[in-house]
Amino acid sequence: MKVVIMAGGEGTRLRPISFSRPKPMVRLYDRPVLEHILALLKENGFNEACLTLRYLPEMVTDYFGDGAKFGMKLRYRIEEQPLGTAGGVLNCRGFIGDDDVLVISGDCVCDFDLRKIVDFHREKNAAATLALYSHPNPLEYGLVVTDENGRVRHFIEKPAWDRVLTDQINTGIYILSPEALEKIPPDQQYDFGRDLFPRLLKENAALYGVKMEGYWCDIGSTAAYRACCMDLLRNDAFLRRLVPGGDGGVWSFTDIPENVSVYPPVYIGREVTLEPGAEIGPHAVIGSGATVRRGAAVRRSVVGRATVGEGSRLEGAVVLDGAVIGRDAILEEDCVVGDGASIGERTRVMAKAKVWTGCDVPPDTVAEGELCRSESLQPLMFDGPGTVTDETGCVLTPHVCMTLGEAAAQRGRVGVSWSGGDRARVLAEAFGCGVCAAGGELVRFDGCFLACAAFSAEYYRFDAAAYFEEKEGAVSLHVFGPGGMVIPREEERRYEAAARGSPGRPAGRYGTAECVTGSVEAYVAAASRMSAPGAQGRLSVAVAGCGAENRALKKALRLSGCEIVRKARGVVTLEATEGGKWLTAVDEEGYRLTGERLAVILAHFALEKGEKALYVPYEAPAVIEEMAEKHGAKVFRLGRDGAEAERGLMEQKFLKDGIFAAVLLCGKLREGVTLASLRRAVPSVATVTRELPIESERGAVMKQLTDLCAAMTSDLSSGLRIDTGRGTVVIAPVRARKAVRIRTESFSEEIAAELCAEFEERVRRSDRRRAGA
């Protein structure tokens with residue numbers, strides 16, 4: 001079987017390590033990563049490969065030539081225009097012929113038995129087989145859900161934790177049959193994960209995944225690169241191939257002087273200079289030609305052909321070729337010093353800082369500012385759909401918010417607003433500065449609560465919008481896309497990647513900025529028009545709660561013809577919660593109605609009116625689908641039904657906005673019906689939500705649950721949705737911590753609680769099973 005190696009990667013997230021070389025040519029233990037891949041292929045009986053190249057292809061061809069030196073026959077295909085992963089492989093069709101082909105990434109590190117995937121592929125007579133790997137932190141990868149026979153059931157592309165259903169990741173190693181290759185259109189950009197594999201799944205082709213054992217790592221970031229180097233220090237088989245004479249955790253080509261302290265495990269390349277009093281290890285990789293001066297200490301670090309100055313301390317750093325570290329300098333965890341950079345004496349390079357190629361950091365300073373690119377000490381991650389919450393002030397900083405503004409500017413017209421204290425104001429201003437610095441069109445608007453901010457994004461036709469909210473010392477950032485919709489995970493990842501960098505250079509021109517006012521008034525007016533045109537009766541209603549959202553609720557109800565009174569027996573009481581996105585009520589009989597129960601009532605209105613399509617948030621009660629089926633209507637869920645659900649929900653705002661819902665509800669009550677009678681007219685719904693901490697990795701636990709509950713599973717698009725016959729259960733990992741959230745729904749609180757307890761025990765059993773393994 002022939003092999004195609006995808007080796008065209010630029011490695012932008014790996015910079016400055018990959019600044020002057022393609023990602024497959026990044027050096028790992030004195031050899032390019034690609035050379036390790038060729039060694040793996042040769043060990044597994046493969047001797048002929050074609051490499052797809054794009055970025056700096058001559059660096060690859062000059063080093064590897066025809067492959068004879070490495071025991072392989074190599075050919076190359078250079079892409080003039082990007083063809084995508086699948087398109088690049090199809091470009092090698094003349095080399096592949098009519099046989100199956102093994103496809104492997106040229107920038108991963110692994111020791112898999114590749115014969116296992118070959119045998120599995122042939123046994124299943126598969127159209128395509130994917131090599132899968134259990135990963136403890138699967139967020140950066142595409143996840144693959146399979147059945148007990150290995151047949152692929154579902155793909156999840158680089159999810160947030162609340163969408164993780166398995167720990168099985170796509171490793172970028174495949175076997176493709178001619179049947180699969182025929183599905184790839186020629187001469188255009190086409191990807192495996194985004195295009196080909198979803199198509200094969202949709203067409204019910206024989207698409208399989210096989211779990212591989214051993215070690216696998218994608219060196220996609222600087223931290224991942226260092227972690228990979230540290231991992232391999234514990235892989236004796238890998239190191240024995242490199243250093244046949246190594247022993248006792250010391251793998252060295254250089255004789256080690258007696259007055260040098262070495263603490264295993266370490267790797268030391270050829271012609272390394274180690275001066276008296278130097279300390280190497282534990283966990284140190286010293287590349288060939290490096291110099292470590294007197295009294296310097298290198299721990300948990302990777303050093304290329306560089307010089308580490310006298311008395312310096314490297315504690316978890318990466319130092320590249322030609323760099324010079326001055327006397328008594330300190331390099332902290334996960335910092336990177338680029339090729340040819342110079343760190344002055346007694347200088348401290350902060351944790352996660354990146355000193356770029358050729359930069360000179362003066363003595364007695366802290367490495368930050370223009371000479372380096374620093375990452376936040378706590379990386380920005382969305383902890384809810386479209387939302388980042390920062391309680392410490394270490395995530396959302398003015399520096400980070402400016403980079404986020406630059407990223408937003410790429411979308412076009414950008415809105416920004418804030419509420420709360422000065423911190424939210426400053427962060428919003430920094431975000432706006434980033435938009436303008438990147439040449440974007442900034443609009444500052446006065447939406448002062450969440451629902452109004454989302455409405456304003458649609459009303460002012462923003463391509464992107466940000467709302468900063470400060471409450472009780474914490475700041476939350478809410479990011480919206482067109483139409484005020486929550487941004488998808490792919491867009492969240494784009495902002496997370498931007499936050500890892502620094503503000504870029506100003507655009508060729510600075511952007512424009514304007515201010516608009518009246519956002520709340522426009523929102524209130526739009527909400528007030530939800531009242532039914534024929535509603536003539538008077539209605540007295542109370543509004544509980546405070547805050548801008550409940551003030552807006554009162555205004556909208558008055559505009560629609562309601563009288564606002566104090567809370568009293570027999571008076572309906574409403575309250576907008578969650579920034580106006582949710583509504584709760586107490587009916588005339590004192591019965592409290594949750595947001596879920598009110599959503600069922602509102603859906604009942606729409607169906608009675610003859611609506612044939614309902615558009616609801618993903619978490620809307622499942623009983624709405626049963627009601628719709630009886631009326632010959634269809635339910636579209638956000639997050640499950642794509643763009644159609646988004647477009648519909650923009651029209652049916654009463655199902656995603658508490659204040660719009662309140663006005664529509666009160667319009668119905670003005671016709672003479674009571675809220676209590678409406679409650680009795682619709683199916684009962686009760687929900688229970690619990691969060692359960694776990695000890696094992698979230699992906700591994702979710703895989704266990706997905707396998708165990710496969711027969712009951714009805715949907716995998718945003719968590720594991722299970723139909724039990726007694727109710728619905730949704731299980732999803734919590735984004736921000738090692739925990740699982742269980743949400744049950746049934747026709748009674750007692751059964752919902754029973755279901756929750758039952759599935760809590762299932763989660764605990766899966767957790768214990770994984771922890772024991």
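The legends below walk through several close-up views of this predicted model.

**View 1. Helices α1 and α2 cross at roughly 50 degrees.**
Two packed helices are described by the angle between their axes and the distance between the axes. Here the pair is α1, covering residues 33-43, and α2, covering residues 57-64, and their axes come within 11 Å. The two helices are therefore oblique to each other. Seen as a crossing, α1 passes α2 in a right-handed manner. If you would like to find the contact itself, look for Leu34, Glu35 and Leu38 on α1, and for Val60, Tyr63 and Phe64 on α2. Sorted by type, the residues of this contact are five nonpolar and one charged, with no polar residue.

**View 2. Helices α10 and α13 pack at an angle of about 135 degrees.**
Now we move to residues 398-409, which form α10, and residues 489-499, which form α13; the axes of these helices are 8 Å apart. With that angle, α10 is oblique to α13. The crossing of α10 and α13 is right-handed. From α10, the residues to pick out are Val400, Thr403, Leu404, Ala407 and Ala408. They meet Arg494, Tyr495, Ala498 and Ala499 of α13. The residues in the contact of α10 with α13 comprise seven nonpolar, one polar and one charged.

**View 3. Arg423 and Asp390 are joined by a salt bridge.**
Side chains of opposite charge can pair when their charged atoms come close. In this pair, the N to O distance is 2.9 Å. Where do Arg423 and Asp390 lie? Arg423 belongs to helix α11 (residues 422-437) and Asp390 to strand β35 (residues 387-390), so the salt bridge ties together parts that are 33 residues apart in sequence. Arg423 is partly exposed, at 23% relative accessibility. Asp390 counts as buried, because its relative accessibility is 1%.

**View 4. Asp191 and Arg194 pair in a salt bridge.**
The closest N and O atoms of the two side chains are 2.6 Å apart. Is Arg194 buried or exposed? Its relative accessibility is 58%, so Arg194 counts as exposed. Asp191, on the other hand, has a relative accessible area of 14% and is buried.

**View 5. Arg313 and Glu315 form a salt bridge that sits within a network.**
The closest N and O atoms of Arg313 and Glu315 are 3.7 Å apart. Glu315 is buried, with 18% relative accessible area, while Arg313 is partly exposed at 37%. To follow the network outward, add Arg226, Glu279, Arg299, Arg300, Glu333 and Asp334 to the display: salt bridges that share partners join these residues with Arg313 and Glu315. For the wider setting, the count of salt bridges comes to 55.

**View 6. Two peptide bonds that lead into prolines are cis.**
Most residues other than glycine have a negative phi, and most peptide bonds are trans. One bond to look for runs from Arg15 to Pro16; it is cis, with omega near 10 degrees. You will find Pro16 in the loop between β1 (2-6) and β2 (27-28). Another cis bond joins Pro264 and Pro265, where omega is about 0 degrees. Pro265 is placed in the loop between β15 (261-262) and β16 (266-268).

**View 7. Arg346 and Lys352 have positive phi values.**
What is phi at Arg346? The angle is near 60 degrees, a positive value in a residue other than glycine. Arg346 is in the loop between β29 (342-343) and β30 (348-349). With 42% relative accessibility, Arg346 counts as partly exposed. Lys352 also has a positive phi, near 70 degrees. Its place is the loop that runs between β30 and β31 (353-355). Lys352 is partly exposed, with a relative accessible area of 23%.

Key. Residues numbered from 1 in each chain as written. Predicted model: local features only at pLDDT ≥ 70, side-chain atom pairs only at ≥ 80, totals over all residues. Heavy atoms only, no water. Axes fitted to C-alpha atoms, helices over the stretch in contact; angles between N-to-C directions. Helix = DSSP H or I, 4+ residues; strand = E, 2+ residues; numbered from the N terminus. Parallel < 35°, antiparallel > 145°, perpendicular 65-115°, else oblique. Left-handed = near helix turned anticlockwise from the far one by under 90°. Contact = heavy atoms within 4.5 Å. Nonpolar A, V, L, I, M, F, W, Y, C, P; charged D, E, K, R; others polar. Salt bridge = Lys/Arg side-chain N within 4 Å of Asp/Glu carboxyl O. Buried < 20%, exposed > 50% of the residue type's maximum accessible area, 1.4 Å probe, protein only.
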